[in-house]
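Hi everyone, thanks for coming. Please have the viewer open, and let's walk through this one together.

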Amino acid sequence: MSKNTSTMLGRHITGVWIATSFRLCVVVALLAFSTASTSATTPTLRVMTANTAAETGIIQALVDDFQKRHPEITVKVDSAGALQVLDNGRQGQADLIITHQPQAEMLFITEGYGLRHASFMYNEFAIFGPRADPLHLSGERDLMKVLRQLASNEVPFIVAGERSGTAARLNALWTLAGVTPDWVGYESQNSSAASTLANAAMFEAYTFADLGTYYTNRTHYTNDFVPLYRDHILLRNTYSAIVVNPKRISDANRIAADAFFDYLVSDDGQTLISQFSESRFAAPLFTPSAHLDADLHAERARQEIAAQQRTLTRLTSFVVVLLLVSGVAIWLYWRGRQLESARRLSEARFTRAVAGTNDGIWDWDVQQNCGFVSPRCREILGLARQDEQYDDFRNLLCQHIHPDDRPQLQQTLTRYLAATPTTASLEQRLHLQRPDGTDGWLLLRGKAERDEAGHALRLSGSLTDITTAVQAEIAERQAMAEKLRAEFANQAKSGFLANMSHEIRTPLTAIIGFAETLLDTQQSASDRMTSLQAITRNGHHLLQLINNILDISKIESDKLDIERVALSPVTLTEEIRALVMPQVHDKGLDLHIDYQFPLPVSIDSDPLRIKQILLNLCSNAIKFTHTGGLHVRVVCLPDTERIQFEVRDSGIGLTPEQQTRLFTAFSQADVSTTRQYGGTGLGLHLSRRLAKLLGGDLTVTSEPNVGSCFTLTLATGPLDQFQFINETPLLPEMAQPANATTTPLLAGRVLLADDNPDNQRLISMYIKRTGAEVVIAENGQQVVDFVQQELFDLILMDMQMPVMDGLEATRLLRSNAYRGAIVALTANAFHEDRLACLAAGCNDFLTKPIARHVLFQTLAAHLPARTAPRPNTDPIVSALLAEEPSFIDVVTTFVGRLVTMVRELEIKLTDLDWPELKRISHDVKGVGGSYGYPQVTAVAAKLEFEIAKKDRAACTARLIELHELANRIVYGLREYKRNLPSQQRK
């Protein structure tokens with residue numbers, strides 16, 4: 001303890017001794033004048049308290065404890081707003097006032113209404129709002145910034161009535177922040193703090209209130225309405241007690257008010273305040289703070305001395321002599337004892353105060369650079385020594401702080417110590433590095449004692465371990481971030497589902513609509529072909545959507561198989577060229593491929609997945625490009641064993657913000673892009689995932705209205721074993737996409753097992769077209785029964801059927817030594833499904849929907865080929881001549897015209913003159929049946945159908961058929977005439 005403190009303590013104890021001597025005299029006087037001392041009565045004590053304290057129950061708890069100690073005093077407690085309490089005191093409605101409005105309290109005392117004044121406990125104000133904390137107030141440490149942020153965002157804000165101390169305190173803070181609270185949504189309610197909090201929670205507004213009111217009423221609020229900003233210094237709410245002056249208010253009960261006042265600032269009252277909030281709310285809410293106003297305390301002492309002096313004038317000289325003798329004796333005997341007792345008591349209280357708080361106390365002599373640290377301070381810093389005094393105190397603080405925060409602490413201390421004389425305090429949150437290697441956080445607070453020149457002499461303060469609070473704050477931020485990510489994912493998925501609904505319904509609408517038009521018997525062959533092409537095109541589009549979703553699902557579940565085979569990057573690029581050229585030509589664009597030689601002859605990768613990525617990139621480039629064209633650049637990076645495919649377009653381009661969302665699943669550049677161009681937002685996300693699985697990546701550079709460049713980088717595998725080429729090799733002509741699939745001619749018997757009637761009809765139709773025979777089974781049990789009775793060359797086995805599924809039927813057949821070919825049909829396209837089918841005994845695996853050319857390839861692999869039948873050369877005679885022989889001339893003219901039209905058709909097909917082909921075939925179809933040749937009408941109708949598809953190969957086949965038919969008709973007419981009587985021949 002310092003010398004000044006000891007001196008002050010000695011003076012205090014001397015004053016106590018003098019006061020005790022006088023009180024002894026008063027006791028004697030009171031014994032002599034007992035009638036005067038007992039004539040007064042102690043009526044009811046009227047306590048008027050602010051609502052914010054009364055609502056928490058703390059005042060009633062203090063009253064109850066006080067009345068246990070003073071059963072002779074009856075206490076009546078009323079509550080009102082902080083300012084109304086003072087007005088009630090002026091009107092004589094209270095003996096003691098408890099409020100928390102400092103300026104109004106001083107005015108009350110200055111006017112003479114107050115006699116004794118003390119701050120006996122602290123509470124805290126806070127800013128409340130939604131737990132989501134959209135303005136991030138909890139992350140801001142500067143109160144002024146928080147207030148300005150609330151005003152600049154003009155959020156809904158509700159405050160208590162102007163008669164409350166809460167509103168007055170908030171108005172002062174607005175003024176300090178330079179903010180005028182006049183925006184729309186800022187509402188002042190003529191209600192209590194509790195009602196204001198309830199309204200703010202109900203309407204999801206922000207508000208300003210004390211924590212006591214919040215904890216008292218928090219069960220009435222939603223869990224999403226919480227304190228967002230707290231400041232233990234600037235937002236401290238000080239509750240004061242004021243004894244009403246009986247000189248100003250004649251009926252004020254000074255005796256009872258003094259008794260309750262003394263109780264509030266006593267150790268008993270302060271202990272109850274300290275324990276109340278923990279027991280009631282499990283939160284450190286109210287803080288004891290017994291402190292008497294110095295001036296009022298001196299005034300009271302003067303009044304008491306004056307009263308004692310008046311009493312002493314009535315005492316006899318005997319009492320005066322007795323007082324003097326007793327005083328000298330007491331002073332001689334007890335002075336030393338009292339000084340020692342007071343010192344121990346003071347130190348004990350200090351020790352209890354330090355031990356009872358979570359803060360560590362420190363005191364730094366800046367000039368000597370040495371300091372004192374409390375046990376709690378040593379515990380927080382993890383100091384091994386148990387000394388209280390430490391040299392090089394500045395280094396002591398810094399060496400236990402995390403290395404990242406040490407420069408900041410050094411700078412903060414230097415700036416604060418060098419500052420001009422100020423009342424500002426030092427406060428900083430620091431990252432702590434404990435000796436055991438664990439991390440923590442602490443709050444450093446302090447204030448400097450300076451000389452007249454402003455030089456810092458001492459710096460004293462506290463260390464608070466805020467590790468739990470910071471960890472909770474970090475966890476809350478992480479939880480909030482997770483919540484935001486989840487919300488974003490849900491929004492993205494919702495948008496994806498909306499897009500998918502549109503993307504799926506669009507082709508389905510076309511499929512269903514055009515299928516219904518095929519039921520119209522009046523529809524022309526050209527229109528019927530247009531409908532069939534639309535159905536096929538939209539069906540493939542729908543299948544691509546489903547495949548994209550399945551591929552993403554496979555990647556997410558780590559079930560997507562990546563193949564590693566040798567492939568030629570040049571050949572693959574040329575295949576892409578052949579596939580996209582029709583789209584490029586349809587939009588009037590250009591396509592240029594730039595090979596940056598040397599390039600490897602082959603690389604090790606998955607050709608299917610590379611094609612999938614490049615086709616997606618090229619299709620997107622075509623979709624978003626209206627003028628100009630595409631530029632594909634292929635370059636090898638042998639040093640890193642990588643190859644790059646750059647797809648550059650001159651399309652609409654992308655903004656930087658759009659580029660950040662481009663590769664996100666279920667997302668496109670923006671809503672307008674989806675609305676104008678369609679799409680699900682899956683293609684580029686899937687392409688990047690595939691690129692990463694292939695050991696590379698997919699990136700983009702773009703500029704709005706200029707174009708975009710997508711760069712696909714892939715791993716090549718070791719390049720030292722491959723040769724390099726320096727020019728484009730001679731490549732075989734790439735096959736153009738066919739409009740029709742060649743049907744093989746097959747023989748044999750096929751057992752088709754499928755429980756869906758539509759699948760039965762469709763697949764049976766394909767099988768019969770090859771010439772093979774087909775038998776239908778509706779479940780696995782029928783398959784087993786048929787195999788026991790008949791012979792089959794191939795079984796097409798659906799995997800999911802009633803009674804017995806395909807897997808069980810296959811296992812049963814193989815267990816019975818069946819050796820015939822079994823091909824699985826299933827809509828389950830995952831790798832494990834294929835393995836399950838092969839493990840059960842299947843020879844091959846077809847996925848639904850079944851591609852016609854794949855089905856034909858599978859049938860051809862397991863069925864014997866059938867030799868094409870010889871053309872039929874039997875003569876054909878007109879049915880019209882059989883009924884009307886007299887029409888021989890008319891029929892002869894038609895046959896000659898038919899031959900001419902067939903020749904014209906052959907010429908027009910060579911020239912690919914589709915309009916003329918359509919016209920002539922339509923004429924042939926229309927007249928053939930009229931002249932007794934329905935076969936001509938049937939073949940011409942088929943030819944017109946193929947012309948509508950512009951399928952040259954199919955048209956050639958039909959024209960050959962029509963040519964052979966014309967020859968048989970000519971031969972038949974010749975034979976018919978030969979058998980006529982000679983007079984009828986011409």
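Let's begin with two tyrosines, Y214 and Y215, both of which are buried. This is a predicted model, so please keep that in mind throughout. The rings of Y214 and Y215 make an aromatic pair of the edge-to-face kind, with 5.3 Å from centre to centre and 75° between the planes. They also belong to a wider group: F128, Y214, Y215, F225, F276, F281 and F286 form one aromatic cluster.

How many aromatic pairs does the structure hold? The count is 20. Another of them is F157 with W174, again edge-to-face, at 5.8 Å centre to centre and with 70° between the planes. This pair ties together distant parts of the chain, since F157 belongs to strand β5 (residues 157–159) while W174 belongs to helix α8 (residues 165–177), 17 residues apart. F157 and W174 are both buried.

Rings can also have a charge above them. Find R236, which lies over the face of Y122, 4.3 Å from the ring centre. Then look at Y113: the charged end of R248 sits over its ring, at 4.1 Å from the centre.

Now let's zoom out for a moment. The protein has 986 residues, and 43% of them count as buried. DSSP runs give 34 helices and 30 strands. If you take the contacts with a separation of 6 or more, 69% come from residues 24 or more positions apart. As for the surface, about 51,400 Å² is exposed, and carbon and sulfur atoms supply 54% of that.

My next stop is an aspartate, D95. Where does it lie? Look in the loop between α5 (82–90) and β3 (96–99). Is D95 buried or exposed? Its relative accessible area is 1%, and buried means under 20%, so D95 is buried. Its side chain reaches two backbone nitrogens: that of R46 at 2.7 Å, and that of N253 at 2.9 Å. Leaving out residues up to four places away in sequence, D95 touches T44, L45, R46, I242, V243, V244, D251, A252, N253 and A257. Try selecting those in the viewer, and you'll see the surroundings of D95 appear.

A second aspartate is worth showing alongside it. D258 lies in helix α11 (residues 254–264). With a relative accessible area of 10%, D258 is buried too. Along the chain, D258 and D95 are 163 residues apart, yet their C-alpha atoms are separated by 9.3 Å.

Let's step back to α5, the helix before the D95 loop. Which of its residues are buried? They are A82, L83, V85, L86, N88 and G89. The elements covering those buried residues include β1 (45–50), β2 (75–80), β3, α6 (102–110) and α8. You've already met α8, the helix that holds W174. After α5 comes G92, with a positive phi near 75°.

That brings me to backbone geometry. Most residues other than glycine have a negative phi, and most peptide bonds are trans. So let me show you some places that go the other way.

A282 has a positive phi of about 55° even though it isn't a glycine. You'll find A282 in the loop between α12 (267–281) and β10 (287–292). Is A282 buried or exposed? Its relative accessible area is 64%, and the cut-off for exposed is over 50%, so A282 is exposed.

L912 is another non-glycine with a positive phi, about 55°. L912 lies in the loop between α31 (888–911) and α32 (914–928). Its relative accessibility is 36%, and that makes L912 partly exposed.

Finally, the cis peptide bonds. One joins F597 and P598, with omega about 5°. P598 is in the loop between β18 (590–596) and β19 (599–600). Another cis bond runs from K848 to P849, with omega near -5°. P849 lies in the loop between β30 (844–847) and α29 (852–862).

To recap with one thing to try at home: start at D95, in its loop after α5, and find the two backbone nitrogens that its side chain reaches, on R46 and on N253. Thanks for listening!

Definitions and conventions: Residues numbered from 1 in each chain as written. Predicted model: local features only at pLDDT ≥ 70, side-chain atom pairs only at ≥ 80, totals over all residues. Heavy atoms only, no water. Helix = DSSP H or I, 4+ residues; strand = E, 2+ residues; numbered from the N terminus. Buried < 20%, exposed > 50% of the residue type's maximum accessible area, 1.4 Å probe, protein only. Contact = heavy atoms within 4.5 Å. Areas by Shrake-Rupley, 256 points an atom, 1.4 Å probe, with all protein chains shown as cover. Polar contact = N/O pair within 3.5 Å; in protein donor to acceptor, adjacent residues only side chain to side chain. Phe/Tyr/Trp six-rings, centres within 6.5 Å; stacked < 30°, edge-to-face > 60°. Lys NZ or Arg CZ within 6 Å of the ring centre and 35° of its normal.
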